[in-house]
Amino acid sequence: MLIQVKTYQELTREDLYELLRLRTEVFVVEQDCVYQDIDNKDQKAIHVIGTKENQIVAYTRVFKSGDYFDNPSIGRVVVDKSNRKHGYGKDIMLASIEAIENLFGKNNIELSAQVYLKNFYNDLNFKEKGEEYLEDGIPHIRMIRPAN
């Protein structure tokens with residue numbers, strides 16, 4: 001998998017179409033969750049895109065402190081269903097952490113995790129912070145990865 005880090009302005013029309021298609025395919029259709037994915041935050045985000053054979057198969061978006069949470073943050077973590085067995089989730093997360101450190105320095109990193117993925121994020125040194133809550137009808141928990 002080839003990973004690229006792009007600003008919103010650097011995204012091609014094809015990039016934008018493919019990443020929105022993937023996010024909708026997983027977050028809306030697969031998870032059967034009706035919510036507004038296009039939230040006017042993509043313009044502020046740094047987009048971490050994993051491609052295989054010219055198709056986006058993994059993706060996150062990252063934000064600097066204050067753009068989403070108080071800390072730099074990672075969101076919209078997604079891997080195409082047919083490519084989940086390859087470890088691309090971990091690869092895209094490690095690339096996202098590296099992008100935050102390169103762009104914004106070594107800070108705590110925050111995310112809102114779907115509860116069933118707690119162990120996945122624990123393995124990346126994220127720790128639960130606070131109580132579970134519903135976000136778009138799905139149980140989530142805030143998680144923080146301390147700065148190294």
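A polar contact is a pair of N or O atoms within 3.5 Å, where one must be able to donate a hydrogen and the other to accept it. The views below use that term, and the model they show is predicted.

**Figure 1. T60 pairs with S96 through their side chains.** The two side chains make a polar contact at 2.5 Å. T60 is found in strand β3. Because its relative accessible area is 0%, under the 20% limit, T60 is buried. Leaving out residues up to four places away in sequence, T60 touches I46, H47 and V48. On the same terms, T60 also touches I74, G75, R76 and V77. I92, M93 and S96 complete the list of residues that T60 touches.

**Figure 2. I74 is one of the residues that touch the most other members of the largest nonpolar core.** This core has 24 residues. M93, L111, Y121, F126 and M143 share that standing with I74. Two or more residues come from each of β2 (46–52), β3 (55–63), β4 (73–79), α2 (88–104), β5 (109–114) and β8 (138–145). The largest share, 7 residues, comes from α2. In soluble globular proteins, nonpolar side chains tend to be buried together. Not counting residues up to four places away in sequence, I74 touches T60, R61 and V62. I74 also touches M93, S96, I97 and I100. Its other contacts are I109, E110, L111 and F126. Apart from this core lies another, of 12 residues, among them L22, V26, C33 and I56.

**Figure 3. D39 makes a polar contact with R61.** The place of D39 is in the loop between α1 (13–30) and β2. Is D39 buried or exposed? D39 is buried, because its relative accessible area of 19% is under 20%. The side chains of D39 and R61 make their polar contact at 2.6 Å. Leaving out residues up to four places away in sequence, D39 touches R61 and R76.

**Figure 4. G50 is buried in strand β2.** Its relative accessibility is 0%. Setting aside neighbours within four places in sequence, G50 is in contact with M1, L2 and I3. G50 also contacts Q55, I56, V57, A58 and I92. The C-alpha atoms of G50 and L19 are separated by 9.9 Å. Along the chain, G50 and L19 are 31 residues apart.

**Figure 5. The largest pocket has a volume of about 700 Å³.** Its lining has 33 residues. Which of them are the closest to the pocket centre? They are F27, V77, Q114, L117 and Y121. At least two lining residues come from each of α1, β3, β4, α2, β5, α3 (118–122) and β8. β4 gives the most, with 7 residues. By type, the lining divides into 19 nonpolar, 8 polar and 6 charged residues.

**Figure 6. E53 and D136 each have a positive phi.** Most residues other than glycine have a negative phi. E53 is not a glycine, yet its phi is about 50 degrees. E53 is found in the loop between β2 and β3. E53 is exposed, because its relative accessible area of 73% is over 50%. D136 has a phi near 55 degrees, and D136 too is a residue other than glycine. D136 lies in the loop between β7 (133–135) and β8. At 44% relative accessibility, D136 counts as partly exposed.

Definitions and conventions
Residues are numbered from 1 along each chain as its sequence is written. This is a predicted model: local features need pLDDT of at least 70, side-chain atom pairs count only at pLDDT 80 or more; totals for chains, interfaces and linings use all residues. Side-chain values use heavy atoms; hydrogens and water are left out. A nonpolar core is a set of buried Ala, Val, Leu, Ile, Met, Phe, Trp, Tyr and Cys residues joined through side-chain atoms within 4.5 Å. Buried means under 20% relative accessible area, exposed over 50%, partly exposed in between (1.4 Å probe, protein chains only). Helices (H or I, at least four residues) and strands (E, at least two) are DSSP runs, numbered from the N terminus. Contact means heavy atoms within 4.5 Å. On a 1 Å grid over the protein atoms alone, a cavity is a set of points where a 1.4 Å probe fits but cannot get out, and a pocket is an open set with protein on both sides within 12 Å along at least five of seven lines; lining residues have an atom within 4 Å of a point. Grid points are joined across faces, edges and corners, and a volume is the space filled by probe spheres set on the points. Ala, Val, Leu, Ile, Met, Phe, Trp, Tyr, Cys and Pro count as nonpolar, Asp, Glu, Lys and Arg as charged, and the others, Gly among them, as polar.
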